[in-house]
Amino acid sequence: MFKRGILFILVVLFLFTGSLCAYGCSAADIEALYAGETDPNVRSMGVKMLKKELGLDTGSDVRTIGTFSRSDNDFITMTSLVNVNRQSVADLTDRSFVLRLGKSGSYDDEYYQEREQDLDLLIYHINAVKAMTSGMSDSEKSIFINNYICDNFSFQRYTGSSSSAVEGFKYGVTNCRGYTASFYIIGMNCGLNVKAECAHNSTGSHTYNIVNIGGADYVVDTSANDLYGTNDYLLVPYASYMAETNSVKVRDSLADLDSGIV
């Protein structure tokens with residue numbers, strides 16, 4: 001009841017204060033979301049994906065986002081903000097791949113308008129947390145963002161969608177990818193040095209965040225904290241987390257895309 005009460009209040013505030021993009025998100029608005037991302041490959045992917053999702057840069061091909069390099073970060077999660085379909089990849093090599101929007105769905109004005117409303121909602125929460133964490137240390141911000149997400153989300157392993165950052169705020173439920181994507185985009189816009197990572201453990205594929213504080217990497221596994229009602233997975237030294245959870249990092253999450261190689 002506590003979570004649902006907070007979610008209801010935030011949605012009411014959103015409706016009465018109005019959207020921040022109001023059906024007019026520009027390229028500059030989208031680029032500002034990824035201004036804090038230090039990896040140019042991820043930053044380019046995130047910006048181009050949002051432009052495609054909002055219909056700002058469709059061209060003759062409404063699905064193909066571009067060709068990108070592979071890296072050690074879970075860039076699929078880090079760029080899943082408002083999409084409702086899991087992305088797909090083509091021409092996958094050890095170094096690069098072509099990223100596309102999901103195969104299902106109609107990419108039309110109705111789709112683009114709904115994605116812009118979703119982005120408005122996400123930006124509302126980003127700005128709300130930025131205001132509430134102003135002046136905090138990185139550790140304090142990490143704890144606050146973890147708790148904020150847990151108060152608004154409920155864990156559901158299979159959601160039947162892409163599990164993007166907005167899903168938990170919009171529907172109240174998402175899986176580990178949605179938690180991780182939300183912590184990433186909110187944390188980065190609050191000044192954290194944060195990434196997403198994908199690993200395999202006894203339950204299968206799992207995503208979580210890594211926050212670098214003072215040169216050291218700490219894991220924030222918000223979905224596990226929410227699922228188990230604990231903060232045992234909050235700012236855990238990286239090596240300790242991997243050992244305690246029997247996790248083995250995968251290079252990226254491309255192999256785990258439900259849509260497979262197309």
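## A walk through the rings and charges

Twelve aromatic pairs turn up in this structure, which is a predicted model. Let's begin with them.

**Stop 1: Tyr148 and Phe169.** Select these two and look at their rings. They make a tilted aromatic pair, with 6.2 Å from centre to centre and 55 degrees between the planes. Tyr148 belongs to helix α6 and Phe169 to helix α7, so this pair ties together parts that are 21 residues apart in sequence. Both Tyr148 and Phe169 are buried, so hide the surface if you have one switched on.

**Stop 2: Tyr208 and Tyr241.** Jump over to another ring pair. The centres of the Tyr208 and Tyr241 rings are 5.0 Å apart and the planes sit at 55 degrees, so this pair is tilted. Here strand β7 (residues 204-213) supplies Tyr208 and helix α10 (residues 238-244) supplies Tyr241, so parts 33 residues apart in sequence are tied together. Tyr208 counts as buried, with a relative accessibility of 1%. Tyr241 is also at 1% and counts as buried.

**Stop 3: the ring cluster.** Go back to Tyr148 and add Phe144, Phe153, Phe155, Phe169 and Tyr179 to the selection: ring pairs link these six residues into a cluster. Now centre on Phe153. Is Phe153 buried or exposed? At 0% relative accessibility, Phe153 counts as buried. Colour by secondary structure and you'll find Phe153 in the loop between α6 (138-152) and β4 (154-155). While you're there, show the C-alpha atom of Asp226: it is 8.1 Å from that of Phe153, although the two residues are 73 apart along the chain.

**Stop 4: Arg115 and its partners.** Time for some charges. Side chains of opposite charge can pair when their charged atoms come close. The whole structure has eight salt bridges, and Arg115 is a good place to start looking.

- Show Glu114: its side chain meets that of Arg115 in a salt bridge, at 3.3 Å from N to O. Glu114 is partly exposed, with a relative accessible area of 32%, whereas Arg115 counts as buried at 1%.
- Add Asp118, which forms a salt bridge with Arg115; the closest N and O atoms are 2.8 Å apart. Both residues lie in helix α5 (residues 109-132), three residues apart, or about one turn of the helix.
- Don't leave before showing Tyr111: the charged end of Arg115 sits over the Tyr111 ring, 4.7 Å from its centre.

**Stop 5: across to Lys170.** Which residue besides Arg115 does Asp118 bridge to? Select Lys170: its salt bridge with Asp118 has the closest N and O atoms 2.9 Å apart. This one links distant parts of the chain, from Asp118 in helix α5 to Lys170 in helix α7 (residues 167-171), 52 residues apart. Asp118 is buried, with a relative accessible area of 4%, while Lys170 is partly exposed at 26%. Keep Glu114, Arg115, Asp118 and Lys170 on screen together and you have a network of salt bridges.

**Stop 6: zoom out.** Switch to a cartoon of the whole protein. There are ten helices and ten strands, and 52% of the 262 residues count as buried. Among contacts between residues at least 6 apart in sequence, 64% join residues at least 24 apart.

Last, colour by pLDDT. The average is 87, and 87% of the residues score at least 70. Over residues 4-20 the pLDDT is below 50, and this stretch has 25 contacts in the model beyond near neighbours in sequence. Residues 258-262 also fall below 50, with 15 such contacts.

Key. Residues numbered from 1 in each chain as written. Predicted model: local features only at pLDDT ≥ 70, side-chain atom pairs only at ≥ 80, totals over all residues. Heavy atoms only, no water. Salt bridge = Lys/Arg side-chain N within 4 Å of Asp/Glu carboxyl O. Buried < 20%, exposed > 50% of the residue type's maximum accessible area, 1.4 Å probe, protein only. Helix = DSSP H or I, 4+ residues; strand = E, 2+ residues; numbered from the N terminus. Contact = heavy atoms within 4.5 Å. pLDDT = per-residue confidence, 0-100. Phe/Tyr/Trp six-rings, centres within 6.5 Å; stacked < 30°, edge-to-face > 60°. Lys NZ or Arg CZ within 6 Å of the ring centre and 35° of its normal.
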